[in-house]
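Welcome! Take a moment to look over the sequence and the 3D view, and then we can walk through a few parts together.

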Amino acid sequence: MKDTSQRPDVHYPLITNGLDYLIDVADRLTTDPVGLPDARALKYAVLHLQAATEVLLKARLQDEHWTLVFKKPETATRTAFDDADFESCTTDEAFTRLTQIAGLDLPDKALAAVKKLARDRNALQHYAFTAPAGAVEARAADVLNFLLPFIADHLLPRLDTKQRHDADLMLAAVRGKLARIEAYLKKRRNELRTELKNVADRTVTCPECEERGTLVLGGDLPNCRFCLKTWNSPEEAVQEYTWQLYGMRDQPHLPGYDDEVLICPDCEAEALITAVTVAAPDTPRILCFSCATDFTDTAFTLCEGGCARPLPADSAELLCPDCTTLAFDRI
């Protein structure tokens, strides 16, 4: 019979615990030699990456002051903290407190990546989850690329010599794996660059994986060439684009119009918005996600009836086909 009397305790100090999660994530993302982990590997990579992010952010927050890891710091007691018997703040709240209270300069892009990771984790933990494998990998790489310098800048300097040595060894293992993940993603991007060159004027950022210039408009259905997600309709794609991307940068709407999504005068799809193409990355364009027509330089006649329908300004028709009233006013 096996002697179990000498089994060691389960002991994972805070930062060691977070780094151990990261090692597991890196291992799962590189299980396949060509960089194509299966669905189960991606599932647990997401779960453990979220766990690592939460542990490591809160480690730095706790170092600022132990009460800050409580959901409501005003209710914190030392007994509850020592016994780990309390409700802690969310990952988003930890990020906000690190910037606003601890004064850390953390990039907005990192917060967006952390929020997306938390959303994926919640779906996996509590609901059904479906996402393109390429999008999951890209999001995981974004979070890893945030966490590694965060650890180096804000956690390692606070460790003693022994802890620092152990952490450096664990980080080295993660960095080696991350290099393989980045190499695979770089290869995919290089392959796509040539493929997408001729459609740059109708290619925008994908709202699913946020890869710049990989969502091609104007085909049968909008699809991202990087993460391979295909939307069921242009309307579905444009809604997701506005939800995911409008909140991250200040994009103007159609001049004189407050609606984010309008009806296309050419194809009648409710899929006309302001977007940025690869061909003109610094210039917002007015594009239809269905027919890919560019209306940026078109003057519009606007319906004042609130139905989100523009018509070219030279149109002879003043009767709105949706409102069936004389609702157009030439501008």
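## Cysteines without a bond

In this predicted model, the sulfur of Cys264 has its closest cysteine sulfur in Cys288, 3.7 Å away, which is too far for a bond. Cys264 is buried, and its relative accessible area is 0%. A similar story can be told for another cysteine. The closest cysteine sulfur to that of Cys224 belongs to Cys206, and at 3.7 Å it is too far for a bond. Cys224 is buried as well, with a relative accessible area of 1%.

What is a disulfide, in general? It is a covalent bond between the sulfur atoms of two cysteines. To count as one here, the two sulfur atoms must lie within 2.5 Å. How many disulfides does the structure hold? The count is 0.

Here are the two cysteines side by side:

| Cysteine | Closest cysteine sulfur | Distance between sulfurs | Relative accessible area |
|---|---|---|---|
| Cys264 | in Cys288 | 3.7 Å | 0% |
| Cys224 | in Cys206 | 3.7 Å | 1% |

## A strand covered on both faces

Now find strand β4, which runs over residues 272–275. Are its two faces covered or open? Both are covered: Leu272 and Thr274 are buried on one side, and Ile273 and Ala275 are buried on the other. Strand β4 also has a partner, strand β5 (residues 285–288), and the two pair in the antiparallel sense over 4 bridges. Within this pair, Ala275 stands opposite Arg285 of β5.

## Helix α6 and a cavity

Next, turn to helix α6, which covers residues 133–154. With 22 residues at 1.5 Å a residue, α6 should span 32 Å, and the 31 Å between its end C-alpha atoms agrees with that. Why can we call α6 largely enclosed by the rest of the structure? Because 16 of its 22 residues are buried.

Helix α6 also takes part in lining a hollow space. The structure holds 2 cavities of 30 Å³ or more, and the second largest has a volume of about 30 Å³. Its lining consists of Val46, Leu49, Leu117, Asp120, Val136, Arg139 and Ala140. The elements that give two or more residues to this lining are α2 (39–64), α5 (108–126) and α6. Which of the elements gives the largest share? That is α6, with 3 residues. By type, the lining residues of this second largest cavity divide into 5 nonpolar, no polar and 2 charged.

Definitions and conventions:
Residues are numbered from 1 along each chain as its sequence is written. This is a predicted model: local features need pLDDT of at least 70, side-chain atom pairs count only at pLDDT 80 or more; totals for chains, interfaces and linings use all residues. Side-chain values use heavy atoms; hydrogens and water are left out. Buried means under 20% relative accessible area, exposed over 50%, partly exposed in between (1.4 Å probe, protein chains only). Two strands pair if DSSP finds at least two bridges between them. The expected span of a helix is 1.5 Å times one less than its number of residues. On a 1 Å grid over the protein atoms alone, a cavity is a set of points where a 1.4 Å probe fits but cannot get out, and a pocket is an open set with protein on both sides within 12 Å along at least five of seven lines; lining residues have an atom within 4 Å of a point. Grid points are joined across faces, edges and corners, and a volume is the space filled by probe spheres set on the points. Ala, Val, Leu, Ile, Met, Phe, Trp, Tyr, Cys and Pro count as nonpolar, Asp, Glu, Lys and Arg as charged, and the others, Gly among them, as polar.
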